[in-house]
Structures are given as C-alpha cells and as structure tokens.
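Subject: Structure for your set, with notes

Hello,

Here is the structure for your set. My notes on the sheets and a few residues follow below it.

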Amino acid sequence: MAASMSFPCFLVFFLGFCLVGSVESKDFHELYQPSWAFDHFIYEGELLKLRLDNSSGAGFSSKNKYMFGKVTIQMKLIEGDSAGTVTAFYMSSDGPNHNEFDFEFLGNTTGEPYSVQTNVYVNGVGNREQRLNLWFDPTKEFHSYSILWTRRHVMFLVDETPIRVHSNLEHRGIPFPKDQAMGVYSSIWNADDWATQGGRVKTNWAHSPFVTSYKGFEIDGCEAPAAGDVARKCSSEGEKKYWWDEPTISELNLHQSHQLVWVRAKHMVYDYCTDSARFPVTPAECVHHTHRHY
C-alpha cells in the first residue's frame with residue numbers, strides 16, 4: 001500500500017527539484033502495531049475497532065518515528081452515553097523532555113455535544129489545552145482528524161478545517177518542537193476522574209463495551225532513521241524538497257484563516273490563553289500568536 005507523495009517527480013525538469021514525502025498508506029498493519037490490550041482489538045475488513053470495558057482500554061502506535069509531515073486518521077467515536085471515556089490520537093517523542101501534539105475526544109452523556117481537547121507539549125511542558133465542541137455528531141459517521149507539523153507551525157485539522165495553529169515563535173525566545181522525532185499513537189481509556197464535566201459524571205459500565213472505529217490511516221512524513229542526523233535527513237536542503245516546507249503549506253491561506261476564526265468564535269469553549277485563574281501572567285506564546293487576531 002505504500003506510495004510516495006503524489007507530487008510528480010517529472011516536474012523536476014521544470015522546477016529544478018522534486019517535492020517529496022516519505023510514507024502514504026491506508027493500511028493499518030503497514031504503519032501501526034497494537035501496543036497494549038491486544039484482545040480489545042477488533043478487525044473488520046478495512047475497519048479497526050478498539051474496545052473499552054471495565055477491565056481495560058486499548059492502544060496502538062506507529063512502527064516508525066517521523067520528523068515533520070502530516071498524519072491523518074478517520075474515526076467514528078463512541079456512540080450513546082460515552083461519559084468518562086477518552087479517545088486519544090496524538091504524536092509524541094520519547095523521554096521526560098518530550099514533545100507531544102494531542103487530540104483528546106472527551107465522552108459525553110447522551111444528547112450533550114462531543115468535545116475535543118487539543119494540547120501541545122514542548123520539552124516536557126504541556127498545560128496548553130484548548131477545548132471545542134464539534135459542529136457535527138462524530139459518532140454517526142467517520143470524520144478525518146489530522147496533525148500537520150512543519151518548521152513553521154503545528155496545525156490541528158478536522159475534516160481539513162484548521163481548529164488550532166501553534167506557531168514557531170523561536171525568534172521571540174519561545175521553544176518550538178523541531179528536533180525530536182515523534183511516533184503516532186491512539187488509545188481509548190477510562191478518564192472519568194476528569195473527562196466529563198470535570199469528573200462529575202462517571203463512566204457507566206452498564207453501557208460498555210465502548211467502541212471507537214478507525215479507518216483511512218495515512219502518514220506522509222519524513223521517516224526518521226534509527227541512528228544518524230535526523231534533522232539533516234528531514235530538512236529541505238539541496239535538491240531534496242519536502243512538500244510541507246513549501247510556502248503554500250507553511251502558511252494559512254485566506255480560506256483557512258477564515259475557517260479558524262469561525263471555529264474559535266463559534267465552537268471554542270476553553271482556551272488556556274484566557275484562563276487567568278491558572279495563568280495570572282499570560283503565557284508568552286499567547287501574546288505573540290498572530291492567529292489569535294485573525
């Protein structure tokens with residue numbers, strides 16, 4: 001199933017270089033492997049289902065690590081009363097000073113909106129939560145969720161609509177994740193100590209098993225070598241140009257900017273940048289992030 005990025009290399013004659021990616025696939029077993037609770041995996045043709053019950057959740061991880069690019073998974077989230085549950089889709093590096101980009105889908109009581117929380121860890125420090133209510137019911141159909149990671153920003157997308165952009169502000173002295181290769185992960189687990197209404201609504205195990213369904217697995221990034229200079233291998237130097245380093249990718253276009261404004265205005269319910277109780281001094285990146293002013 002593996003294929004190179006769709007930018008055609010025959011354009012090299014005209015452009016002087018070839019835009020490349022590393023991996024693009026829709027086959028789970030080629031890109032991923034179960035990481036825990038193997039007996040809670042259900043395979044149905046192209047579909048993968050992860051099951052949560054009162055004995056265990058489940059999770060999987062990518063077989064390789066990557067530097068920059070785009071990862072996408074299509075998911076149909078837990079139907080019915082899913083209060084207390086969390087389905088996570090994220091990228092993360094290893095170690096105590098790790099970088100991490102999180103999607104966390106927070107279960108709800110029947111009839112309440114499904115929330116998605118995003119977070120960004122840089123050098124082991126998180127506390128950058130944003131939360132929004134999705135503008136559709138994610139339990140009825142599959143929707144795509146993507147993380148686009150470039151040297152310029154980290155972008156979270158839902159059905160290709162940007163819901164969050166974390167910009168590189170190193171010129172302001174603010175660290176940005178760009179030097180640690182990251183794996184791709186997903187899991188389903190019980191988090192009723194905090195997930196639904198701050199932990200006030202607990203998981204009702206009478207409604208288990210809780211099931212999240214997956215398909216459309218895609219990773220299009222620079223596969224990091226097991227050893228060697230990862231930063232050099234995954235940089236657009238010389239004749240090798242990665243598509244995510246192109247200016248049209250590393251900046252929001254006008255349509256994306258308008259979409260982001262709409263998401264923030266209509267659907268965001270929590271932003272750490274405006275939580276003065278937690279952060280009496282506004283976090284530095286919140287002051288300088290230009291997307292807050294679109």
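Two strands are taken as paired if DSSP finds at least two bridges between them. On that basis, seven strands of this predicted model form an open sheet, with antiparallel pairing and the order β3-β4-β15-β6-β11-β12-β13. At its edges are β3 (41–44) and β13 (161–167), each of which pairs on one side only. The average turn between neighbouring strands of this sheet is 25°, direction ignored.

At the β3 edge, the partner is strand β4 (residues 47–52), which runs antiparallel to β3 and is joined to it by four bridges. One residue pair to look up there is I42 and its bridge partner in β4, K49. Towards the other edge, helix α5 lies across β12 (153–158) and β13, and the helix runs at about 95° to β13.

A second open sheet has eight strands, again antiparallel in pairing, in the order β2-β5-β14-β7-β8-β9-β10-β17. Its edge strands are β2 (32–36) and β17 (268–271); each has a single partner strand, so one side of each has no neighbour in the sheet. Here neighbouring strands are turned by 15° against each other on average, direction ignored.

Within the eight-stranded sheet, strand β9 (residues 115–121) pairs with strand β10 (residues 130–133) in the antiparallel sense, over four bridges. T118 has Q130 of β10 as its bridge partner. Helix α5 (residues 254–267) packs on this sheet as well, where the helix touches β10 and β17. Its direction makes about 90° with that of β17. Helix α5 therefore has contacts with strands of both sheets, given that contact means heavy atoms within 4.5 Å.

Annotated residues

Which residues does the UniProt annotation "active site" cover? The entry, which is unreviewed, lists E100 and E104. E100 lies in strand β8 (residues 100–106), and E104 is found in β8 too.

Are these two residues buried or exposed? E100 has a relative accessible area of 12% and E104 has one of 14%. The cut-off for buried is under 20%, so E100 and E104 both count as buried.

For E100 I also have the surroundings. Leaving out residues up to four places away in sequence, E100 touches Y90, M91, S92, N119, V120, Y121 and M182. Of these, N119, V120 and Y121 fall within the residue range of β9, 115–121. The E100 side chain also makes a polar contact with the side chain of H98, at 2.9 Å.

A buried loop residue

Back in the seven-stranded sheet, T150 sits in the loop between β11 (143–149) and β12. Its relative accessible area is 0%, so T150 is buried under that cut-off.

What does T150 touch, residues up to four places away in sequence aside? The contacts are F68, F176, W244, I249 and S250. G69 is 81 residues from T150 in sequence, yet their C-alpha atoms are 6.4 Å apart in space. The side chain of T150 also reaches the backbone nitrogen of R152, at 3.0 Å.

Regards

Key:
Residues are numbered from 1 along each chain as its sequence is written. This is a predicted model: local features need pLDDT of at least 70, side-chain atom pairs count only at pLDDT 80 or more; totals for chains, interfaces and linings use all residues. Side-chain values use heavy atoms; hydrogens and water are left out. Helices (H or I, at least four residues) and strands (E, at least two) are DSSP runs, numbered from the N terminus. Axes are lines fitted to C-alpha atoms, for helices over the stretch in contact, and angles run from 0 to 180 degrees between N-to-C directions. UniProt positions are given in the numbering used here, feature names are shortened, and annotations may be inferred rather than shown by experiment. Buried means under 20% relative accessible area, exposed over 50%, partly exposed in between (1.4 Å probe, protein chains only). A polar contact is a pair of N or O atoms within 3.5 Å; within protein, one must be able to donate a hydrogen and the other to accept it, and residues adjacent in sequence count only if both atoms are side-chain atoms.
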